[in-house]
Amino acid sequence: MSVFETEVTKIGPEAEMFRAEKMLILFGDNAPEGLAEYCYNIVMAKSASDITTEMVLNFDDKSYKITAVGNVVDKNLNELGHITVKFTGEMEAEMAGTLYVEAIEMPQLAIGTKISITK
């Protein structure tokens, strides 16, 4: 069951810069000017429930088990379309606005990539 669905609408020219740190930044279409160039812009959408570690983050056909959820992930995602995703497998959230997923190969995002969170 899907609790969140969106898609990538624009890719900032520096968005891939954080790949070496195993992270990516998602932001709705209202990303601040200084941050927009580092983001994957997404269609604004609200989650149907709180995001938990029992869920999976999906990028098209690639799935990643959620390992930790920062305490403002739900708020930021619903209000700004903004979260950082770290592909490090950490079990405790060190950053409040970060969603941590298992440490496997990161996806390649393109305009039109579908992003969802499922139970």
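## A tour that starts at the cavity

Select Phe4, Leu26, Leu57, Leu77, Ile83, Leu99, Ile115 and Ile117: together they line the largest cavity of this model, which is a predicted one. Show their side chains and color them by residue class. The lining comes out as eight nonpolar residues, with no polar and no charged ones.

How much space lies in the largest cavity? It is about 30 Å³. A search for cavities of 30 Å³ or more across the whole structure turns up one, so your first selection has already taken you to what that search finds, given that a cavity is space where a 1.4 Å probe fits but cannot get out.

Next, clear the side chains and switch to a cartoon. You can pick out two helices and eight strands. Step from the N terminus onward, and the elements appear in the order β-β-α-β-β-β-α-β-β-β.

Now display the contacts between residues at least 6 apart in sequence. Of these, 70% connect residues at least 24 apart.

Zoom out and orient the C-alpha trace along its principal axes. The box it fills is roughly 35 × 30 × 25 Å. Does the radius of gyration suit a compact globule, or what else would you expect for 119 residues? The protein has 13 Å, which agrees with the value near 14 Å that a compact globule of 119 residues would have.

Finish with the surface turned on. The protein exposes about 6100 Å², and carbon and sulfur atoms supply 52% of that area. Then color by burial: of the 119 residues, 47% are buried.

Note on methods:
Residues are numbered from 1 along each chain as its sequence is written. This is a predicted model: local features need pLDDT of at least 70, side-chain atom pairs count only at pLDDT 80 or more; totals for chains, interfaces and linings use all residues. Side-chain values use heavy atoms; hydrogens and water are left out. On a 1 Å grid over the protein atoms alone, a cavity is a set of points where a 1.4 Å probe fits but cannot get out, and a pocket is an open set with protein on both sides within 12 Å along at least five of seven lines; lining residues have an atom within 4 Å of a point. Grid points are joined across faces, edges and corners, and a volume is the space filled by probe spheres set on the points. Ala, Val, Leu, Ile, Met, Phe, Trp, Tyr, Cys and Pro count as nonpolar, Asp, Glu, Lys and Arg as charged, and the others, Gly among them, as polar. Helices (H or I, at least four residues) and strands (E, at least two) are DSSP runs, numbered from the N terminus. The radius of gyration is taken over C-alpha atoms; the globule rule is 2.2 Å times the number of residues to the power 0.38. Buried means under 20% relative accessible area, exposed over 50%, partly exposed in between (1.4 Å probe, protein chains only). Contact means heavy atoms within 4.5 Å. Accessible areas come from the Shrake-Rupley method with a 1.4 Å probe; for residues, only the protein chains shown count as cover.
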